[in-house]
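The report below concerns charged contacts and nonpolar surface in a single model. Please read it alongside the sequence and the coordinates.

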Amino acid sequence: SVPKPAVYWLIGGIWLTITLAFEFLFGHYVAGKSWDDIFQVFDLSRGNLFLFVLLVTTLAPWLVAKLKGLI
């Protein structure tokens, strides 16, 4: 059976969580960036488009399922 739309939203949410965890944890503890440097990546006024990456990451599972006619 085909999963319901909520499953695709859940997958997108999990991808979002994993992406943010990697960004913050790897960036701070492995790459040695300050928290301020990490938060600058979310500043659209500086031309950073990472928020759009997060949006696409979250929407992608649902959008692909919709385009393939699964939902």
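In this predicted model, aspartate 43 and arginine 46 are joined by a salt bridge, in which the closest N and O atoms lie 3.2 Å apart. The count of salt bridges under the rule applied comes to one. The two partners can be placed by their accessibility: aspartate 43, with a relative accessible area of 25%, is partly exposed, whereas arginine 46 reaches 54% and counts as exposed, because exposed requires a value over 50%.

A second feature of the surface is a nonpolar patch of about 630 Å², to which Trp9, Leu44, Leu49, Leu51, Phe52, Leu55 and Leu59 contribute. Helix α3, which spans residues 50-67, gives the most to this patch, with four residues. Leucine 51, one of the patch residues, is found in helix α3 and is partly exposed at 35% relative accessibility.

Isoleucine 14 belongs to helix α1, which covers residues 5-30, and with a relative accessible area of 43% isoleucine 14 is likewise partly exposed. Between isoleucine 14 and valine 64, which are 50 residues apart along the chain, the C-alpha atoms are separated by 16 Å.

The accessibility values for the residues discussed are collected here.

| Residue | Relative accessible area | Class |
|---|---|---|
| Aspartate 43 | 25% | partly exposed |
| Arginine 46 | 54% | exposed |
| Leucine 51 | 35% | partly exposed |
| Isoleucine 14 | 43% | partly exposed |

Notes. Residues numbered from 1 in each chain as written. Predicted model: local features only at pLDDT ≥ 70, side-chain atom pairs only at ≥ 80, totals over all residues. Heavy atoms only, no water. Salt bridge = Lys/Arg side-chain N within 4 Å of Asp/Glu carboxyl O. Buried < 20%, exposed > 50% of the residue type's maximum accessible area, 1.4 Å probe, protein only. Patch = residues over 30% accessible without salt bridge, like charges linked within 9 Å, V, L, I, M, F, W, Y side chains within 5 Å. Areas by Shrake-Rupley, 256 points an atom, 1.4 Å probe, with all protein chains shown as cover. Helix = DSSP H or I, 4+ residues; strand = E, 2+ residues; numbered from the N terminus.
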